[in-house]
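Here is a friendly walk through one protein model, from a single side chain out to the core around it. Please have the sequence and the 3D view open as you read.

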Amino acid sequence: FLELPLDEGGRHRLVVEDIAAARRVVAGLEACPGVGVLTAAGSLPGAMTVAESLALVLRYGQEEVDERDDEREMEAALRLCGLAPQRIAVLGGEQPMKLPRLERWAIGLARWLLRPPELLVIDRPFAGLTRREADVLIATEAIYHRRHPFRAALFVDLDSHELPELPDCCGTSHLTEAPCHC
């Protein structure tokens, strides 16, 4: 069992042995109400443009929408995630699957900045990144906690001796699966 105090915010880490275990954990958590998942690819639909994806998030469950307010909110979230105004100006019409990984991730984080879940599960964010890229990702994720200090984030990471440290991490748990002796 993994217990996380959802109303206290903070970063937590769950270290798993392999990709299959990570997928099972994330799929199980994703099925829970109030949980949002941010994958390394950003978790945005590939067939929609960036603007369409973020507009969908903002408009979900609302009857009347002021598109100018939506655009301002989207731009503010993207700026908070480190994207330059010049890049934001052309980003709306692009499809996420055609963007660089760190940019997709920043846009996915912007989505959760706009509508934060009770628990944000960050799925294997450091796999395949250089140390510099990992530092950028950690700095970008810190924006989420400054904006939503009482929302918890759970990093699901693959076991590695080179996992970057998470600033202000509330705790690290290790998931090991015992072999079945049936």
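Let's begin with Glu141, which is found in helix α6; helices (H or I, at least four residues) and strands (E, at least two) are DSSP runs, numbered from the N terminus. Glu141 has a relative accessible area of 0% and is therefore buried. Here buried means under 20% relative accessible area, exposed over 50% and partly exposed in between, using a 1.4 Å probe and protein chains only. Not counting residues up to four places away in sequence, Glu141 touches Arg11, Trp105, Leu109, Ile122, Ala153 and Phe155, where contact means heavy atoms within 4.5 Å.

A word on the source: this is a predicted model, in which local features need pLDDT of at least 70 and side-chain atom pairs count only at pLDDT 80 or more, while totals for chains, interfaces and linings use all residues. Residues are numbered from 1 along each chain as its sequence is written, and side-chain values use heavy atoms, with hydrogens and water left out.

**The nonpolar cores**

In soluble globular proteins, nonpolar side chains tend to be buried together. A nonpolar core is a set of buried Ala, Val, Leu, Ile, Met, Phe, Trp, Tyr and Cys residues joined through side-chain atoms within 4.5 Å. The largest one here has 35 residues, and Leu78, Ile107, Leu109, Leu114, Leu120 and Phe126 touch the most other members. At least two residues each come from α2 (50–59), α3 (67–80), α4 (85–91), α5 (101–114), β3 (119–123), α6 (131–147) and β4 (152–158). The largest share, 8 residues, is supplied by α5. Another core, of 14 residues, lies apart from it and includes Val16, Val25, Leu119 and Leu154.

Leaving aside neighbours within four places in sequence, Leu120 is in contact with Gly36, Leu38, Leu109, Trp112, Tyr144, Ala152, Ala153 and Leu154.

**Helix α5 and its partner**

Why is α5 described as largely enclosed by the rest of the structure? Because 11 of its 14 residues are buried; among them are Glu103, Arg104 and Trp105. The end C-alpha atoms of α5 are 20 Å apart, which agrees with the 20 Å expected at 1.5 Å a residue, the expected span being 1.5 Å times one less than the number of residues.

The axes of α2 and α5 come within 9 Å and cross at roughly 20°. The two helices are therefore roughly parallel to each other, a description used for angles under 35 degrees, with over 145 roughly antiparallel, 65 to 115 roughly perpendicular and the rest oblique. At their meeting place, Val50, Leu54, Val57 and Leu58 in α2 meet Ile107, Arg111 and Leu114 in α5.

**Two residues with positive phi**

Most residues other than glycine have a negative phi, and most peptide bonds are trans. Here are two with positive values.

| Residue | Phi | Loop | Relative accessibility |
|---|---|---|---|
| Ser43 | near 65° | between β2 (35–38) and α2 | 21%, partly exposed |
| Arg124 | near 45° | between β3 and α6 | 17%, buried |

Beyond four places in sequence, Arg124 is in contact with Ile19, Ala22, Arg23, Ala40, Arg101, Val156, Asp157 and Leu158.

Technical notes. Axes are lines fitted to C-alpha atoms, for helices over the stretch in contact, and angles run from 0 to 180 degrees between N-to-C directions.
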